[in-house]
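Here's a quick look at one chain and the site that a database record flags in it. Have the structure open while you read.

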Amino acid sequence: MAKKLPSTDVVVVGLGWAGSIIANELADENLKIIGFERGPWRDTAADFNVASAADELRYSRRQDLMARTRQNTTTIRNSVTETALPMRSWGSFHPGNGTGGAGNHWAGITFRFQPHEFRLHSHLTERYGKELSPELTLQDWGTDWDEMEPFYAKFDRLAGISGKAGNIKGVIQEGGNTFEGARSEEYPNPPTAQTYAPTLFAEAAKNLGYKPFPVPSALLSRPYVNSLGVAMGACTFCGFCTNYGCANYSKASAITTVLPVLVRKPNFTAMTNCEVLRVTMDSSGKRATGIVYMDSNGEEWEQPAELVVISAFIFENVRLMLLSGVGQPYDPVTNTGTTGRNYAYQTANSVRMFFDDKNFNPFIGGGAIGMGIDEFNNDNFDHSGLGFVGGGSTRVTPIGAAPIDSRPLPPGTPTWGSEWKKATVKNYASTMSIGCEASSYATRTNYLSLDPTYKDPLGRPLLRITFDFPENDRKMAAYVTAKVGEIAKSMNPRQMVPSSQQGHWNSAPYQSSHIVGGFIMGADPKNSSVNKHLQVWGVPNLFVVGSSAFPQNPGYNPTGTVAALAFKAADAIRTRYLKRPGEMISV
Amino acid sequence: MKTLLTVCAGVIGLSVSLAHGATGADSYNIVEKGRYLSTLGDCTACHTIPGKPLFSGGVILDTPFGKLAGANITPDQATGIGRWSFEDFQNAMSKGHGLDGKRLYGAMPFTAYTKVLREDNLAIFAYLKTVDPVENKVETNQLPFPFNVRTSLIGWNLINFKEGEFKADPQKSEQWNRGAYLVEGLGHCGTCHTPKNLIGGDKNDQFLTGANLQNWVAPNITSTGQDGIGAWSEADIVKYLKTGANRFDIASGPMAEEVEHSSQHWKDEDLLAVAVYLKDGAKPVEAAKPVAADDGAMVAGKAIYADRCSACHTPTGEGAANLFPKLAMAPLVNSNDPSSLIRVVLAGSRAGATDAAPTAPAMPAFGWNLSDENVADVLTYVRNTWGNAAPAVSASEVKDVREGLRAK
């Protein structure tokens, strides 16, 4: 039996971006806060040392910053007719572990979602009416752009995002992304310099009449002191970025922006290497009473709290709700229940180009250093008669071509031997790729549930993913890849290799860690799990924050929106919930 | 939250001091004054082990002569200063005498504290009497023979100690005198920053011109000399002491602890007074001659710097404010004694965290993948580029520091 500890004001589960932001905001209300993290304490000075951080074997091949699948994994299947099997090594996605979470090894691309995204179902219905495929279960978010913008701005200032605005207060800005929603202010830092491949791409896109812009980046273009007084450095384009922690204090993460301030607050305690097992509920099921966790000695403890905030990675957010009996589990057959509903992913496409006469110095780069266009993203183009909705963010962001993983070889090259070596030498420096990270729209049959067979080492059922790419998204993928191919062709490569997301979801190759939904936000408790303040319907003292709240995924990276939602939830708690604790927020 | 805590603690302090029989309506103010003065004096540095009760003693001080431990100065009757009268305390501060006339070692900086005014000692003593008494017996004298014989201190005091309260210099401003009082008295800056003679006494003719202790260089903090802080403005000095970082440097090692425990809590006007005092008498620096750029060590060092150092410290040695120390024209870089630089390259170092500068960045250790010669070359390059000029560093100097670190 779990031993009961003295009660605290707030527990926060997960100390990545969302949990660290919320804990820090609530600490300013003088609440006593305990943050729980299943992994270790991570810290730039101790963990990401410039003398040893650039270790591809350790961080990329052996995935040192990711959760261990032995500790916790998911089971996977493409459809309800299949039996799911456990993922024994990470392929398709990379869940993080330790303070900072996946925000340590992320790429740093920080788009804001567009205004129409927050009312996507209404918007697309208004524009396309009956053309919209019945396969899709798109939803509005229950919030809107005007409510979201201040929190996006807050995150920009916290993380020191480097970029060029395309729309400030409705005035279109030359050189920025003109498709973005009206911003209240310019980015806190200017865009980074660009390497050769993004520069060539931007020229080609411009020649075709598109409007290229610098990809908004959480890798800083210059030294910066953030909104909490934490100092950050300028990105050095070291090329060990995505999958790595940053040694130069230049990639924004919870450990480089929030935690140094949070740990100094006397009313905050971090409990690391402590796995939260479930949320405890009172007998009415309408009030969370705290959480139960296991420490690193294998001892179970109950930590009672007045307010419970769940802010782990999406998988654990949804799994904790299923394990704790919060909300009714979603059933795709009867189309009832909300917990596990509207699970979506990201649709990855690309066109690779092999040149004879170019040297891209591909070892120079960073996860978010590049140029992009948005003409084929989301609903930025007319979908009438195309048979699909959605689109993708087209961009060139060379993350750094490290020696083990980076073997850009044309199809047909032998996979070993002298021909393979020759082809490596010939192509390593003269290859570039245009990516198109595209939307993933929810369907009735893509969802999350508890696995009936497989359990974690503590005996709890694993989370089961049932997912396949919808017909809508495959059509979209073919369309946007063809458009990207036109730009690639205009750059005159010797050879180009398009790769569009077709066929079934295959969990083996890495695609994206942008996993969303399963505990979604909305205006109606019948088809959503949390209200627009991230407060669980029917359980007023429980908030669940993260990409689990996205009803579907647009053609953008999710982190900026996860962080904005964290600020939004914290603001709702500070300015509304604490005035009437224990009640649902009514406005 | 913090303010609230302080007020609560103050109220508790008041009630306890009344219980101890302090009289007069002003006892609250006296205790609060004493609390601040004890922060100025950084008493916790030697008298509180982190995580242990305040002032319960036991912090080990490594001296060239052996180990000493900070005493328990809580009001515990048996193991602290519970039985002391104020006169006993005054004697300890001003004469270096413990209870029963026992002589204190110079690690207790009574050579500086002798300058503290009697009225300030009254406040500190009143405050110490309000602290929770903790029973913790500390063997302060852990020196080997013959240094453990306290009678030797009579002679030591004759040579190294001049008793007497601070006397204001009427030629100088009130602010300058406040700064002098703090630097020479409670601040006891000279304990680390003044060179020591063979028996560990201060070389007072070289006050604050820099010293080496435990493989850290406490740099020249006068305004004179290439390695001094003449280029720092008064605002730079205040910022460094308040936050641990300014545009030139970031505190590390023992100074980072000093900033965390003590100077970040000093009043701004006191820090400014210190700055005014330290800046007085600045003389233009005669430029030293750097090692030639085509010297073998300089060429090798330049390549190592580009590969291993320039990402943070930048190719021009400018660094980044509050994060990566500036190397160009930095006093410590130009110090004759390269010990701190060698130590930091070999073993790394972490800056202190303060409320104003919470980042606490770190210099990583390179001892595991740079040879003695690599370290010597890169430091020679850093010490003789971008306007810097200081003696070349030799591989044998690096070897000595490496062995010193290993011995710990």
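## Chain B and its listed site

Chain B has 16 helices and seven strands. Its radius of gyration is 22 Å, close to the 22 Å that the globule rule gives for 408 residues, so chain B is as compact as a globular protein of that length. Keep in mind that this is a predicted model. Laid out along its principal axes, the C-alpha trace of chain B spans about 75 × 45 × 45 Å.

What about the inside? Of the 408 residues in chain B, 46% are buried. As for how the chain is wired up, take the contacts between residues at least 6 apart in sequence: 65% of these join residues at least 24 apart.

Now for the site. Which residues does UniProt list for "binding site"? The unreviewed entry gives B:Cys189, B:Cys192 and B:His193. Here's how the two cysteines sit in the model:

| Residue | Location in chain B | C-beta neighbours inside 10 Å |
|---|---|---|
| B:Cys189 | loop between α8 (174–184) and α9 (190–193) | 21 |
| B:Cys192 | helix α9 | 22 |

Buried or exposed? The cut-off for buried is 20 or more other C-beta atoms within 10 Å, so B:Cys189, with 21, counts as buried, and B:Cys192, with 22, counts as buried too.

Who do they touch, leaving aside neighbours within four places in sequence? B:Cys189 is in contact with B:Val183, B:Leu208 and B:Ile221. With the same neighbours set aside, B:Cys192 is in contact with B:Ala211, B:Leu213, B:Ala218 and B:Pro254.

Key
Residues are numbered from 1 along each chain as its sequence is written. Chains are lettered from A and ligands numbered from 1 in the order in which they are written. This is a predicted model: local features need pLDDT of at least 70, side-chain atom pairs count only at pLDDT 80 or more; totals for chains, interfaces and linings use all residues. UniProt positions are given in the numbering used here, feature names are shortened, and annotations may be inferred rather than shown by experiment. Helices (H or I, at least four residues) and strands (E, at least two) are DSSP runs, numbered from the N terminus. A residue is buried if 20 or more other C-beta atoms lie within 10 Å of its own, exposed if 12 or fewer, and partly exposed in between; C-beta atoms are placed from the backbone. Two residues are in contact if their C-beta atoms, placed from the backbone, lie within 7 Å. The radius of gyration is taken over C-alpha atoms; the globule rule is 2.2 Å times the number of residues to the power 0.38.
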